[in-house]
Amino acid sequence: MNKQIQDLIKEATTYRYTGLGEIPEFDREKFAELLIRECAEFIRYKAEKAMSQEILYVGNDLLEHFGVEE
């Protein structure tokens, strides 16, 4: 698994402390949102490099399609 995905998994995981230690809790919705944001940022980065306004809109459309707020 690549480092970016591992980082997103870590960011979407919280730990609950109990008398037996800490229990990891993975938030699937947060992971999905983080992944969509990462994809949109990557598209925007590529759009800037290519100086393409049309590609830039694709990143925004991706966020809108999945209902991810900026």
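A residue counts as buried under 20% relative accessible area, as exposed over 50%, and as partly exposed in between. With that yardstick in hand, here is a walk through the chain, bearing in mind that the model is predicted. F26 makes a handy test case: its relative accessible area is 42%, so F26 is partly exposed. F31 comes out on the other side of the line, because its relative accessible area is 18%, and that makes it buried.

These two residues also belong together in another way. The chain has 1 aromatic pair, and its partners are F26 and F31. The ring centres sit 5.6 Å apart and the planes meet at 50°, which puts the pair in the tilted class. Those two values do the describing, since a pair of aromatic rings is described by the distance of the centres and the angle of the planes.

Now for the overall layout. The chain holds 3 helices and 2 strands, and reading along the sequence gives the pattern α-β-β-α-α. The radius of gyration is 16 Å, well over the 11 Å that the globule rule gives for 70 residues, so the chain is more spread out than a compact globule. The C-alpha trace tells its own part of the story, spanning about 55 × 25 × 15 Å along the principal axes. Of the 70 residues, 19% are buried. As for contacts between residues at least 6 apart in sequence, 26% of them join residues at least 24 apart.

The strands come next. Strand β1 covers residues 13-18 and strand β2 covers residues 21-26, and the two pair in the antiparallel sense over 6 bridges. Getting from β1 to β2 takes a hairpin of 2 residues. T18 stands opposite G21 of β2.

Two residues of β1 are worth a closer look. T13 is part of this strand, and it is buried because its relative accessible area is 16%. Setting aside neighbours within four places in sequence, T13 touches P24, E25 and F26. R16 is also found in β1, but its relative accessible area is 40%, so R16 is partly exposed. With the same neighbours set aside, the contacts of R16 are G21, E22, I23 and E25. One of these, E25, is also a polar partner: the side chains of R16 and E25 make a polar contact at 2.5 Å. F26 turns up again here as a distance marker, with its C-alpha atom 11 Å from that of R16, although the two are 10 residues apart along the chain.

Then there is helix α2, which runs over residues 28-50. Its 23 residues reach 33 Å from the first C-alpha to the last, close to the 33 Å expected at 1.5 Å a residue. At the start of the helix, a side-chain oxygen of D27 comes to within 3.1 Å of the backbone nitrogen of E29. Just after the helix, M51 takes a positive phi of about 50°.

Which residues of α2 are buried? They are F31, L34, I36, A40, R44 and A47. What covers them includes α1 (3-11), β2 and α3 (53-65). R44 may catch the eye in that list. This residue of α2 has a relative accessible area of 19%, and it counts as buried because the cut-off is under 20%. Leaving out neighbours within four places in sequence, R44 is in contact with L56, N60, L63 and E70.

Helix α3 rounds off the tour. It has 13 residues and reaches 18 Å from first C-alpha to last, close to the 18 Å expected at 1.5 Å a residue. E54 is found in this helix, and at 59% relative accessibility E54 counts as exposed, because the line for that class is over 50%. E54 and Q4 lie 50 residues apart in sequence, and their C-alpha atoms are 26 Å apart in space. Just after α3, G67 takes a positive phi of about 70°.

Definitions and conventions. Residues are numbered from 1 along each chain as its sequence is written. This is a predicted model: local features need pLDDT of at least 70, side-chain atom pairs count only at pLDDT 80 or more; totals for chains, interfaces and linings use all residues. Side-chain values use heavy atoms; hydrogens and water are left out. Two strands pair if DSSP finds at least two bridges between them. Helices (H or I, at least four residues) and strands (E, at least two) are DSSP runs, numbered from the N terminus. Rings of Phe, Tyr and Trp (its six-membered ring) pair if their centres lie within 6.5 Å; planes under 30 degrees apart count as stacked, over 60 as edge-to-face and the rest as tilted. Buried means under 20% relative accessible area, exposed over 50%, partly exposed in between (1.4 Å probe, protein chains only). The expected span of a helix is 1.5 Å times one less than its number of residues. Contact means heavy atoms within 4.5 Å. A polar contact is a pair of N or O atoms within 3.5 Å; within protein, one must be able to donate a hydrogen and the other to accept it, and residues adjacent in sequence count only if both atoms are side-chain atoms. The radius of gyration is taken over C-alpha atoms; the globule rule is 2.2 Å times the number of residues to the power 0.38.
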